[in-house]
Amino acid sequence: MARNFPRHSFLALAAAGAGGLVLGRGALGRAQPSAGVAGPAVIRSSGGLLDLDLVAGATPGSLSPGPRLEVRPGDAVRLRFRNTLEEPSTIHYHGLHVSPGGSADNVFLSIPGGESFAYAFEIPADHPAGLFYYHPHRHGTVSDQGFGGLGGMLVVRGELDELLEVRAARGRSSR
Ligand SMILES: [Cu+2]
């Protein structure tokens, strides 16, 4: 039986510094020409801090990933999550070697629709570099929100970036 999942998107409303980043519905879910393809917005840590507001909301149209977040080992993460859905949600930082409790990667949190939560944690100084993923992980709504499009990439920069092959590779909207 086919199910229709509501379409959701993470919208980064404001990143620290540089005047902030605003994404509206028009900027999400719109097909782009293949040359110079614009990937998701990129929000990088600065001065050892990744600081942003992230909003989960329903949007019409096709699915778009949330902003790509980039950190470095030793960075602090301050992510204010606002849930504008009509159901509870959370954020899980898939694969990160960070605390699973408190205001960190705590999948037992449940942020009701219409409410906000301030995530705050540190990326360990010896954290491996790699490509990770953030997505809702509130039991009971994980699948619907995942299939609905909530989620985005999370890159930990580091030693992998020094490999010749990686340095020679061209990334989308990364340089
Ligand atoms: Cu996961």
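Colleague: Leaving aside neighbours within four places in sequence, which residues is Ile91 in contact with?
Modeller: This is a predicted model. Ile91 belongs to the largest nonpolar core and is listed with Leu79, Tyr93, Leu96 and Leu154 as touching the most other members. Leaving aside neighbours within four places in sequence, the contacts of Ile91 are Phe10, Leu54, Leu79, Phe81, Asp105, Tyr119, Tyr134, His135 and Pro136.

Colleague: How many residues are in the largest nonpolar core, and which strand gives the most to this core?
Modeller: The core holds 27 residues. Strands 3, 4, 5, 7, 8 and 9 each supply at least two of them. The top contributor, with four residues, is strand 3.

Colleague: Which residues coordinate the copper ion, and at what distance?
Modeller: One donor is ND1 of His94 and another is NE2 of His135. His94 lies in strand 6 (residues 92-94) and His135 in strand 8 (residues 130-135), 41 residues apart. So the answer for the copper ion is His94 and His135, at 1.9 Å.

Colleague: Why does His135 count as buried, while His94 counts as partly exposed?
Modeller: Buried means under 20% relative accessible area, and exposed means over 50%. His94 comes to 42%, so this residue falls in between and is partly exposed. His135 is buried because its relative accessibility is 12%.

Colleague: Where is Gly151 found, and is this residue buried or exposed?
Modeller: Gly151 sits in the loop between helix 1 (142-147) and strand 9. Beyond four places in sequence, its contacts are Phe10, Pro65, Gly66, Tyr133, Tyr134 and His135. Its relative accessible area is 5%, so Gly151 is buried.

Colleague: What separates the C-alpha atoms of Gly151 and Pro136?
Modeller: Along the chain, Gly151 and Pro136 are 15 residues apart. In space, their C-alpha atoms are separated by 7.0 Å.

Colleague: How many bridges pair strand 3 with strand 5, and how many join strand 5 to strand 7?
Modeller: Strand 3 and strand 5 pair in the parallel sense, and Leu50 stands opposite Val77 in strand 5. Strand 5 and strand 7 run antiparallel, with Val77 opposite Phe121 in strand 7. The counts are eight bridges for strands 3 and 5, and seven for strands 5 and 7.

Colleague: In what order do the five strands of the open sheet lie, and which are the edge strands?
Modeller: The pairing in this open sheet is mixed, and the order is 2-4-9-8-6. Neighbouring strands are turned by 25° against each other on average, direction ignored. Each edge strand pairs on one side only, and the edges are strand 2 (42-44) and strand 6.

Colleague: Which residue in strand 4 stands opposite Arg44?
Modeller: Strand 2 and strand 4 run parallel and are joined by three bridges. Opposite Arg44 stands Glu70.

Colleague: What pattern does the protein chain follow along the sequence?
Modeller: The secondary structure comes to two helices and nine strands. Read along the sequence, the pattern is β-β-β-β-β-β-β-β-α-β-α.

Colleague: What share of contacts with a separation of 6 or more comes from residues 24 or more positions apart?
Modeller: The chain has 175 residues, and 39% of them count as buried. About 9500 Å² is exposed, with 56% supplied by carbon and sulfur atoms. Of the contacts with a separation of 6 or more, the share from residues 24 or more positions apart is 76%.

Conventions:
Residues numbered from 1 in each chain as written. Predicted model: local features only at pLDDT ≥ 70, side-chain atom pairs only at ≥ 80, totals over all residues. Heavy atoms only, no water. Donors = N, O, S within 2.8 Å, 3.2 Å for Na, K, Ca; no water. Buried < 20%, exposed > 50% of the residue type's maximum accessible area, 1.4 Å probe, protein only. Core = buried A, V, L, I, M, F, W, Y, C linked by side-chain atoms within 4.5 Å. Contact = heavy atoms within 4.5 Å. Pairing = 2+ DSSP bridges. Axes fitted to C-alpha atoms, helices over the stretch in contact; angles between N-to-C directions. Areas by Shrake-Rupley, 256 points an atom, 1.4 Å probe, with all protein chains shown as cover.
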